[in-house]
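Reader: I would like a close look at one single part of this structure. Please keep the sentences short and explain each term as you go.

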Amino acid sequence: MIYISEVNGIAMFTAYQPNGDYFMIDRYPDCPYQHDSNHIVTWKCDIKNKKLWYEVEDIQQLTQLDRIEDMIIETNIEVQYLSALQELGV
């Protein structure tokens with residue numbers, strides 16, 4: 001048996017009986033996104049009604065173009081900083 005309790009709005013899965021309110025399930029629930037690196041899965045529960053569900057959030061994956069753009073912006077900022085120092089005579 002798996003015990004389900006709630007902590008700060010998030011479902012907690014434990015092998016032992018929690019101190020507060022809980023309900024039990026026979027096996028760990030399935031979620032197609034659980035081991036997917038492109039999503040964050042947050043398990044939620046309703047203790048009174050013994051319901052368990054998950055919420056999925058997409059993780060923004062940077063493309064190679066995004067990474068190149070970030071490098072160009074960083075390089076531009078560094079060049080501006082060095083130019084400002086040079087103008088100040090530092």
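Author: The side chain of H39 makes a polar contact with the side chain of D58, at 2.8 Å. A polar contact is a pair of N or O atoms within 3.5 Å; within protein, one must be able to donate a hydrogen and the other to accept it, and residues adjacent in sequence count only if both atoms are side-chain atoms. The side chain of D36 also makes a polar contact with the side chain of H39, again at 2.8 Å.

The model is predicted: local features need pLDDT of at least 70, side-chain atom pairs count only at pLDDT 80 or more, and totals for chains, interfaces and linings use all residues. Residues are numbered from 1 along each chain as its sequence is written, and side-chain values use heavy atoms, with hydrogens and water left out.

Where does H39 sit? It is found in strand β4. Strands (E, at least two residues) are DSSP runs, numbered from the N terminus. H39 counts as buried because its relative accessibility is 18%. Buried means under 20% relative accessible area, exposed means over 50%, and partly exposed lies in between (1.4 Å probe, protein chains only).

Now the surroundings. Not counting residues up to four places away in sequence, H39 touches Y33, V56, E57, D58 and I59. Contact here means heavy atoms within 4.5 Å.

Take V56 from that list. It lies in strand β5, residues 51–58. V56 counts as partly exposed because its relative accessibility is 36%. With the same four-place limit in sequence, V56 touches Y33, H39 and I40. The C-alpha atoms of V56 and N38 are separated by 10.0 Å, and these two residues are 18 apart along the chain.

Next, V41. Its contacts are C31, Y33, Q34, Y54 and E55, leaving out residues up to four places away in sequence.

V41 also belongs to the largest nonpolar core. A nonpolar core is a set of buried Ala, Val, Leu, Ile, Met, Phe, Trp, Tyr and Cys residues joined through side-chain atoms within 4.5 Å. This one has ten residues: I2, I4, A11, F23, I25, C31, V41, W43, C45 and I47. At least two of them come from each of β1 (2–7), β3 (23–25) and β4 (39–46). The largest share, three residues, comes from β4. In soluble globular proteins, nonpolar side chains tend to be buried together.

Note on methods:
Helices (H or I, at least four residues) and strands (E, at least two) are DSSP runs, numbered from the N terminus.
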